[in-house]
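Welcome! Take a moment to look over the sequence and the 3D view, and then we can walk through some details together.

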Amino acid sequence: MRDLRTFTLTGYDKGRGIAVQALWFCVMNTLFMAWFCPARVRVALLRAFGAEIGEGVLIRHRVRILWPWKLTVGDHTWIGEGAWLLNLEPVTLGSHVCVSQEALLCTGSHDHRSTDFRYRNAPIRVEDGAWIAARATVLAGVTVGRHAVVAAGTVLGRDLPELTLHTAEGSRALKEPTP
């Protein structure tokens, strides 16, 4: 039987103090997510809060990132409008990655077997050239391999090998991308 009164944050480190967390939430909700905020300003804000961001990164409006200091993004990566990086643990996006509109990368979960519903979080890694399509969900602890594709609207709860397409029907191998 679940007893949510016994839930605690034991073992979970937010990575920064309450003042920095509050400042980030203020900046994220007033400027970072706004349609009028230029993409280069979004990148600068993430870097100012501790994210490691490569060159040529494009981050559209309405993107939510829980903790910038737990985010690493390679060169020439795109994060589409409305994407949500729920990074209780580190999220690493390689170079030339596309995270499409309203995709969710969720590093947090709970242990359904424990009565206190404790966290069971794990990092997410998306390797170079991968594509997380619109409204796809990648769950905690998953690695998306090089040039792999997570199809629109699907949920990925296990590692996806390189050059593999994951759809609602299953996964299948892809050919090498053409230059």
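## Cysteines without partners

In this predicted model, the count of disulfides is 0. Take C37, which is in no disulfide: the nearest cysteine sulfur belongs to C26 and is 13 Å away. A disulfide needs two cysteine sulfur atoms within 2.5 Å, so the sulfurs of C37 and C26, 13 Å apart, do not qualify. C37 also counts as buried, since its relative accessibility is 3%.

What about C98? Its sulfur is too far from any partner for a bond, because the closest cysteine sulfur, in C37, is 20 Å away.

## A nonpolar patch on the surface

Now turn to the outside of the model. L31, W35 and F36 form a nonpolar patch on the surface, and together they have about 380 Å² of accessible area.

Where in the fold is W35? You can find W35 in the loop between α1 (18-32) and α2 (39-48). With a relative accessible area of 70%, W35 is exposed.

## Salt bridges beside each other in the sequence listing

How many salt bridges are there? The count comes to 8 salt bridges. One of the salt bridges joins the side chains of D3 and R5, at 2.9 Å from N to O. D3 is partly exposed, at 22% relative accessibility, while R5 is exposed, at 74%.

D116 and R118 also meet through their side chains in a salt bridge, here with 3.2 Å from N to O. D116 has a relative accessible area of 16% and is therefore buried. R118, at 44% relative accessibility, counts as partly exposed.

## A link across the chain

Another salt bridge is formed by R62 and E102, whose closest N and O atoms are 3.7 Å apart. Why is this pair worth finding in the 3D view? R62 sits in the loop between β2 (58-59) and β3 (64-65), and E102 in the loop between β8 (98-99) and β9 (104-106), so the salt bridge ties together parts that are 40 residues apart in sequence. R62 is partly exposed, with 37% relative accessibility, and E102 is partly exposed too, with a relative accessible area of 32%.

Which residues belong to the network of salt bridges around this pair? R62 and E102 are linked with E81 and R135 in that network.

Methods: Residues numbered from 1 in each chain as written. Predicted model: local features only at pLDDT ≥ 70, side-chain atom pairs only at ≥ 80, totals over all residues. Heavy atoms only, no water. Buried < 20%, exposed > 50% of the residue type's maximum accessible area, 1.4 Å probe, protein only. Patch = residues over 30% accessible without salt bridge, like charges linked within 9 Å, V, L, I, M, F, W, Y side chains within 5 Å. Areas by Shrake-Rupley, 256 points an atom, 1.4 Å probe, with all protein chains shown as cover. Salt bridge = Lys/Arg side-chain N within 4 Å of Asp/Glu carboxyl O. Helix = DSSP H or I, 4+ residues; strand = E, 2+ residues; numbered from the N terminus.
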